[in-house]
Amino acid sequence: MAIADEKSSNGKVWSLCKMPFWQSGGNNNSNVTSSSTSSSSTSQQPQHHHHHNYNHNQQQHVVEGSSNTQSSNTVISVARSLIPTRRRLRLDPATKLYFPYEPGKQVRSAIKIKNTCKSHVAFKFQTTAPKSCFMRPPGGVLAPGESIIATVFKFVEHPENNEKPVDQKSRVKFKIMSLKVTEGIDYVPELFDEQKDQVAVEQILRVVFLDVDRPSPAMEKLKRQLAEAEAALEARKKPPEETGPRIVGEGLVIDEWKERRERYLARQQVEATDSV
């Protein structure tokens, strides 16, 4: 009994000494392994998170840069649109076309156009009523400092429903456009279609009717401009004055030479008669 108790006690002691040591060791190893794994995983997670944040920040920076570029381009375009266009022509009157109010008749207005640029400028008229209005000339080319008085013709219709002439002033409008051209170029309307980006709208003129029975400074000025326009038109119709000998026919005979030849022939006849 003593031996058996001793063996059993020794076995219990052995078992007590054996099992907890290995179990504790295994638990420690597993804890170490799990802790190392968790530590490695936790150490990798911040790196991955940091890399993700870097890419996100980089993409956000690119998007913000593109949006800033677009916004700056928009601001530049808006600023350019707000800058007033430099005038190439000086108009007189500046904003209106005055017509005498005579219903049922074709009346005239006049406007002086002067080139204020250092280069040649082409101008062109446009109207919202091409069937009842036309311009003379409808366009042209002006040298630097050159001016012209253009005449505008308009048919005045009879008023409807007893409306007043003042009510008709906004129905018809005229637009004058300009375009820089090279010296020596001939005016054709297609110039403004070929170079649309370089065309500038000088002014939009509205129609104002004047009472023919009531004297006014505007009416007196209109009469003077119309007289100047008629004088300039007559001067253009006249042939240029001749400063040298006049060429006859195809240009083979000149008056001066013809007179000399006639005098020479006359002398020849006199000498022949005297010799006989």
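Mentor: A contact here means heavy atoms within 4.5 Å. The model is predicted.

Trainee: How many helices and strands are there in the chain?

Mentor: Both kinds of element are present in the chain. The count is four helices and 11 strands.

Trainee: What share of the residues of the chain count as buried?

Mentor: Buried means under 20% relative accessible area. The chain has 276 residues. The share of them that meets this cut-off is 22%.

Trainee: Among contacts between residues at least 6 apart in sequence, what share joins residues at least 24 apart?

Mentor: The pool is contacts in the chain between residues at least 6 apart in sequence. Within that pool, the share joining residues at least 24 apart is 71%.

Trainee: How much of the area that the chain exposes do carbon and sulfur atoms supply?

Mentor: Start with the total: the chain exposes about 20600 Å². Carbon and sulfur atoms supply 54%.

Trainee: What is the order of the open sheet of five strands?

Mentor: Pairing in this sheet is mixed. Its edge strands, β2 and β6 (139-142), each pair on one side only. The twist from one strand to the next averages 25°. Read across, the order is β2-β9-β8-β4-β6.

Trainee: Which residue stands opposite Ile204 in β9?

Mentor: β8 covers residues 173-181 and pairs with β9 in the antiparallel sense, over six bridges. Arg206 in β9 stands opposite Lys173. Opposite Ile204 is Lys175.

Trainee: Which residue in β8 stands opposite Lys124?

Mentor: Strand β4 (residues 120-127) runs antiparallel to β8, and eight bridges join the two. The residue in β8 opposite Lys124 is Met177.

Trainee: How far apart in space are Val199 and Met177, C-alpha to C-alpha?

Mentor: Val199 sits in the loop between α2 (190-194) and β9. Leaving out residues up to four places away in sequence, Val199 touches Met177, Ser178, Leu179 and Phe192. In sequence, Val199 and Met177 are 22 residues apart. In space, their C-alpha atoms are separated by 6.7 Å.

Trainee: What does Val199 count as, by its relative accessibility?

Mentor: Under 20% would be buried, and over 50% exposed. Val199 has 22% relative accessibility, so it counts as partly exposed.

Trainee: What is the order of the open sheet of four strands?

Mentor: Pairing in this sheet is antiparallel. β1 and β5 are its edge strands, each pairing on one side only. Neighbouring strands are turned by 25° against each other on average, direction ignored. The order is β1-β3-β7-β5.

Trainee: What is the bridge partner of Arg90 in β3?

Mentor: β1 and β3 run antiparallel, joined by four bridges. Across this pair, the partner of Arg90 is Lys114.

Trainee: What span should helix α3 have at 1.5 Å a residue?

Mentor: Helix α3 has 21 residues, 217-237. The expected span is 1.5 Å times one less than that number. The end C-alpha atoms are 31 Å apart, which agrees with the expected 30 Å.

Trainee: Why do the buried residues of α3 lie on the same side?

Mentor: The buried residues are Met219, Leu222, Gln225, Leu226, Ala229 and Leu233. They fall on the same side of α3 because, around the axis, they cover an arc of only 125°.

Trainee: Which residues are exposed on the other side of α3?

Mentor: The buried residues of α3 have cover that includes β1 (89-92), β3 (106-115) and β7 (147-155). Exposed means over 50% relative accessible area. On the other side of α3, the residues that pass are Pro217 and Arg224.

Trainee: At about what angle does α3 run to β2?

Mentor: α3 packs on the sheet that holds β1, β3, β5 and β7, touching these strands. Its direction makes about 75° with that of β3. α3 also lies across β2 and β9. To β2, it runs at about 90°.

Trainee: Which proline follows Asp92 through a cis peptide bond?

Mentor: Most peptide bonds are trans. The bond from Asp92 is cis, with omega near 0°. The proline lies in the loop between β1 and β2. It is Pro93.

Trainee: Where is Pro137 found?

Mentor: The peptide bond from Arg136 to Pro137 is cis, with omega near 0°. Pro137 is in the loop between β5 and β6.

Conventions. Residues numbered from 1 in each chain as written. Predicted model: local features only at pLDDT ≥ 70, side-chain atom pairs only at ≥ 80, totals over all residues. Heavy atoms only, no water. Buried < 20%, exposed > 50% of the residue type's maximum accessible area, 1.4 Å probe, protein only. Arc of directions from axis to C-beta. Pairing = 2+ DSSP bridges. Axes fitted to C-alpha atoms, helices over the stretch in contact; angles between N-to-C directions. Areas by Shrake-Rupley, 256 points an atom, 1.4 Å probe, with all protein chains shown as cover.
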